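Here are my notes on this one, in the order I'd go through them with the structure open. Skim them and then have a look for yourself.

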Amino acid sequence: MAGAPTDDRVARDVLESLLEGCQVIGFDLRYLFVNGVVAAQARRRSDELLGRTITECYPGIEESAMFATLSRCMRERTHARMENEFLYPDGSTGWFQLRFVPVPEGVCILSLDVSEARRVQDALTKTEEQLRHAQKMEAVGRLAGGLAHDFNNLLSVVLSYTELLLADAAEGDPLRADLQEIRTAGERAAGLTRQLLAFSRQQVLEPRLVDINVMLDGMRKMLGRLVGEDVEIVVLTNHAPCVTKVDPGQIEQVIMNLVVNARDAMPRGGKLTIQANRVELDAGYAQEHLGATPGPHVMIAVTDTGVGMNKETQARMFEPFFTTKERGKGTGLGLSTVFGIVQQSGGHVWAYSEPGAGTTFKIYLPRVDAVSADEEPRPPVPEDLRGSETVLLVEDDAQVRAVAWNILRRAGYVVLEAPSAGEALLASEQYGAKIDLLLTDVVMPRMSGPRLAERLRASRPKLKTLFMSGYTDEAIVQHGLLDSGVAFLQKPFTPDALTRKVRQVLLRQ
């Protein structure tokens, strides 16, 4: 038929219409045919490939798995499939599914670009790994918080009775030295439980507006003493305010923990850079980093030139009690404390490290458009810790209740005690005189401390309240029932801490 297309033309039209790339490589490794899709995938013109060998076009390809598969198909005349990562000259990469088909002239390679599907799968895998890690950290955090709560009850008893015995022991009494050792050990244990509470995000924070620039400027000298003379420390602040609403004491603890960690990673000295900056986290970053939120943030970056961390260490670095230091050189709670404080402050922590190339930790805290700190009234400073008011003490732990009763009675207070919220309501109903203060544990069976206070204030509207706990239940903290405006005493307490806080609350207008 006149004008009918030739077989060669039909074949070429078919090959050019494929969604896959199609290339034929001869036995001498020269490109005999490439369709337009191959040229687009290679980011080259067809005439830059045709007639040239694959090794000329892509130097070093002979070391790749793709070349090994091509050679085997050439030699054995077999079919093969593989997924190949292709590195472009600009440093970017693409992923392709390849099919190798022997043909009389050599081997035909069919290539399908799966880069986008691979990126989606990699992102999904990364998110799943982050989710598993977050779930593990959450479970460990609940365990740590529960342990801290129980230990803080025990430590309240140990520390309080130790202080009472020390108060009764005369100067020169040989028992004083032993009691002081007990107190020192108890205080160290209390420090460990505080770190566990920080990791498990169960502290009561006292947030206020803080400019991180001002904080870092105020910490310069202290940080210099902390790292020693063999480490050069550089603090870079921003010309614009870096204001965030956080507990300043806790964020200072975060910075100090990171600085100590960096110092220990540079045993032969090095350079430590601490930087504050205003950044904007986009939705893409938040999507790739579980727990991060898009929007304006203050970034605190701590970078060292130390030994760095491998991937295995990075995967566990925030776990409590995990440490790469020698036995007795660290508790393994420094970075877990950082993680907990930042998370509870509404922020996000990210780390990048390479073995031998140092480490960078970046803390992202939500930025506030303000230039000055909140002016909050300071609690009254009691001159005398004794009193004569009536205190309703509610505590379900018998030992803690007994020692608190002992301390308050010694300080002159009238003390009504109850082991539960129900018995506290009954005691209030049966006590005809004025009750000045409710001192109650936060987390108790059947009815919480905040709920008890609400019930009691219905009949005693002038009743003042002081909450105490070895930890704060996450629901109570998250829902704001225990915010910075509520009087709170952290366990373990000492006689001085308890009587001072009671006096402060009673003196409030």
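1. A cut-off to begin with: a residue is called buried here when its relative accessible area is under 20%, exposed when that is over 50%, and partly exposed in between. T69 comes out at 12% relative accessibility, so it counts as buried. You'll find T69 in helix α4. Beyond its neighbours within four places in sequence, T69 has contacts with A80, M82 and F100.

2. Now the caveat: this is a predicted model. The average pLDDT of the protein is 81, and 81% of the residues score at least 70. Confidence peaks in strand β13 (residues 390–394), with a mean of 95, and bottoms out in helix α15 (residues 474–478), with a mean of 45. Where pLDDT is low, the predicted coordinates should not be read in detail. I'd keep that in mind for α15, given its mean of 45.

3. The overall numbers, then. The protein has 16 helices and 17 strands. Of its 509 residues, 45% are buried. If you take the contacts with a separation of 6 or more, 66% of them are between residues 24 or more positions apart. The accessible surface is about 27000 Å², and carbon and sulfur atoms account for 52% of that.

4. On to the rings. How many aromatic pairs does a search of the whole structure find? It finds two. In one of them, the ring centres of Y58 and F86 are 5.3 Å apart and the planes stand at 90°, so this pair is edge-to-face. The pair links distant parts of the chain, as its members are 28 residues apart: Y58 belongs to the loop between α3 (54–57) and α4 (65–76), and F86 to strand β3 (residues 80–87). Are the two partners buried or exposed? Y58 is buried, at 15% relative accessibility, and F86 is buried too, at 17%.

5. W350 and Y352 make up a pair as well: with centres 6.2 Å apart and planes at 10°, this one is stacked. W350 is partly exposed, with 26% relative accessibility, and Y352 is also partly exposed, with 43%.

6. If you care about charges and rings, look at W95. The charged end of R118 sits over the W95 ring, 3.6 Å from the ring centre.

7. Helix α14 (residues 449–459) is worth turning end-on. Its buried residues are G449, P450, L452, A453 and L456. Viewed down the axis, they fall within an arc of 155°, so they line one face of the helix. What covers them? The cover includes β13, α13 (421–430), β15 (437–441) and β16 (464–469).

8. One last residue: R183, in helix α6 (residues 175–199). Its relative accessibility of 24% means that R183 counts as partly exposed. Leaving out neighbours within four places in sequence, R183 touches L159, T162, E163 and L166. The C-alpha atoms of R183 and L166 are 9.6 Å apart in space, and the two residues are 17 apart in sequence.

Definitions and conventions: Residues are numbered from 1 along each chain as its sequence is written. This is a predicted model: local features need pLDDT of at least 70, side-chain atom pairs count only at pLDDT 80 or more; totals for chains, interfaces and linings use all residues. Side-chain values use heavy atoms; hydrogens and water are left out. Rings of Phe, Tyr and Trp (its six-membered ring) pair if their centres lie within 6.5 Å; planes under 30 degrees apart count as stacked, over 60 as edge-to-face and the rest as tilted. Helices (H or I, at least four residues) and strands (E, at least two) are DSSP runs, numbered from the N terminus. Buried means under 20% relative accessible area, exposed over 50%, partly exposed in between (1.4 Å probe, protein chains only). A charge sits over a ring if NZ of Lys or CZ of Arg is within 6 Å of the ring centre and within 35 degrees of the ring normal. pLDDT is the predictor's confidence in each residue, from 0 to 100. Contact means heavy atoms within 4.5 Å. Accessible areas come from the Shrake-Rupley method with a 1.4 Å probe; for residues, only the protein chains shown count as cover. The arc is that of the directions from the helix axis to the C-beta atoms.
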